Amino acid sequence: MLVTLFLRALDARDPQPILGDRLAAEAVERIDYDWAKLDKPSIVRGRAGVALRARQFDTWAADFLREHPEATVLQMACGMDSRAFRLDPPGVRWFDVDLPDVIALRRKLYSDGGSYRMIAASVTDSAWLEEIPADRPALILAEGLLMYLREAEVSQLLRRLTGHFPSGALIFDGVSVSTARATQLLKKVLPPRWYPYPAYWTAIRDESDIPRWNPDLRPRGSEAVLKAYGQIPDPRVRRCYRLASRFRWTGDFLRVFRAEF
Ligand SMILES: C[S@@+](CC[C@H](N)C(=O)[O-])C[C@H]1O[C@@H](n2cnc3c(N)ncnc32)[C@H](O)[C@@H]1O
């Protein structure tokens, strides 16, 4: 989550940002970490992708919140993301959830207050959900999370969520089968210093996987992150993303999905 924060900060410092997440740039200045470790071509290359993904989430989240101005937002795996303050929807109750050490770091940047709260828990546990009132439609966000869980955990989590709230929408990103397999192989054959990331365990073939995980979820479309290359201001990067988006293997490696219940 420091990688995605760093990449959003780089985007924000660009004169022509894609997302323009000013709070990410401030967070990088405030967190005591050797950011030079992340300033490598192999990491920085993902900057536009991270910004485009976040922008797709913001757009769909804002659409939902316009229609449901009194909703409850549950953002799982929030990391250091500042979406609650980027969108800042009045009238909405917002819960950001992540693992305890991540929330401990997050509390150095942000505080609970008003209608905003952070919860330190693993989403695969069940108790934390009871802390969230179930009386309003929910917008459930999972950016950069489900691929790290096992498929049985994804299914169980999504069933718990739709069982808890009366109705709502789910926005999440999913990786292709070939991408997940590639990360599992890299994890197996490369030493950790060459491939320091966790493998992806849950992939999504297409929208029909969503009701297979949870029959209460009705798919409502998806967008390939790379297909949004038109929003990239730098012509060289835009050309690379456009080229990669043409091939199924690369173009479809990461999609943002939307479903309702
Ligand atoms: C790739 S980061 C994405 C963070 C954030 N959504 C963003 O876009 O910057 C993955 C996040 O998932 C969180 N995570 C992984 N497993 C989790 C679990 N079981 N419960 C809660 N959070 C989890 C990690 O702590 C981390 O913050």
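What follows walks through the sheet, the nonpolar cores and the aromatic contacts of this structure. The model is a predicted one, and the place to start is the sheet.

Seven strands make up an open sheet with mixed pairing, and their order reads E3-E2-E1-E4-E5-E7-E6. At the edges stand E3 (116-120) and E6 (218-224), and each has just a single partner strand, so one side of each is left without a neighbour in the sheet. On average, neighbouring strands of this sheet are turned by 15° against each other, direction ignored.

Some of the strand pairings can be followed residue by residue. Strand E1 (residues 72-76) runs parallel to strand E4 (residues 138-142), and the two pair over five bridges. Within that pairing, Gln75 has Leu141 of E4 as its bridge partner. E1 also pairs with E2, again in the parallel sense and over five bridges; here Val73 is matched with Trp94 of E2. E2 in turn pairs with E3, parallel and over five bridges, and Asp98 stands opposite Ala120 in E3.

E2 deserves a second look. Six of the six residues of this strand (residues 93-98) are buried, so E2 is largely enclosed by the rest of the structure. In a regular strand, side chains alternate between the two faces of the sheet. For E2, both faces turn out to be covered: Arg93, Phe95 and Val97 are buried on one side, and Trp94, Asp96 and Asp98 are buried on the other. The buried set thus takes in charged residues such as Arg93, Asp96 and Asp98 along with Phe95, Val97 and Trp94.

Next come the cores. Nonpolar side chains tend to be buried together in soluble globular proteins. In this model the largest nonpolar core has 56 residues, and those touching the most other members are Leu5, Trp35, Leu65, Trp94, Leu139 and Leu141. Two or more residues each come from helix H1 (2-13), helix H2 (22-30), helix H4 (47-67), helix H6 (100-106), E3, E4, E5 and strand E7 (254-260). H4 gives the most, with ten residues. Leaving aside residues up to four places away in sequence, Trp35 touches Leu2, Leu5, Phe6 and Val28. Another core, of 30 residues, lies apart from the largest one and has Ile119, Leu157, Ile204 and Ala259 among its members.

That leaves the rings. A pair of aromatic rings is described by the distance of the centres and the angle of the planes. The structure holds eight aromatic pairs. One of them, Phe172 with Trp213, is tilted, at 6.0 Å centre to centre with 55° between the planes. Phe172 sits in strand E5 (residues 168-175) and Trp213 in helix H9 (residues 209-213), so this pair ties together parts that are 41 residues apart in sequence. Phe172 and Trp213 are both buried.

Tyr195 and Tyr197 make an edge-to-face pair, with 5.6 Å between the centres and 80° between the planes. Tyr195 counts as buried, at 13% relative accessibility, while Tyr197 is partly exposed, with a relative accessible area of 34%. Elsewhere, Phe6, Tyr33 and Trp35 form one aromatic cluster; Trp35 and Phe6 also touch each other in the contacts described above. Finally, Arg150 lies over the face of Trp201, 3.8 Å from the ring centre.

How values were computed. Residues numbered from 1 in each chain as written. Predicted model: local features only at pLDDT ≥ 70, side-chain atom pairs only at ≥ 80, totals over all residues. Heavy atoms only, no water. Phe/Tyr/Trp six-rings, centres within 6.5 Å; stacked < 30°, edge-to-face > 60°. Helix = DSSP H or I, 4+ residues; strand = E, 2+ residues; numbered from the N terminus. Buried < 20%, exposed > 50% of the residue type's maximum accessible area, 1.4 Å probe, protein only. Lys NZ or Arg CZ within 6 Å of the ring centre and 35° of its normal. Pairing = 2+ DSSP bridges. Axes fitted to C-alpha atoms, helices over the stretch in contact; angles between N-to-C directions. Core = buried A, V, L, I, M, F, W, Y, C linked by side-chain atoms within 4.5 Å. Contact = heavy atoms within 4.5 Å.
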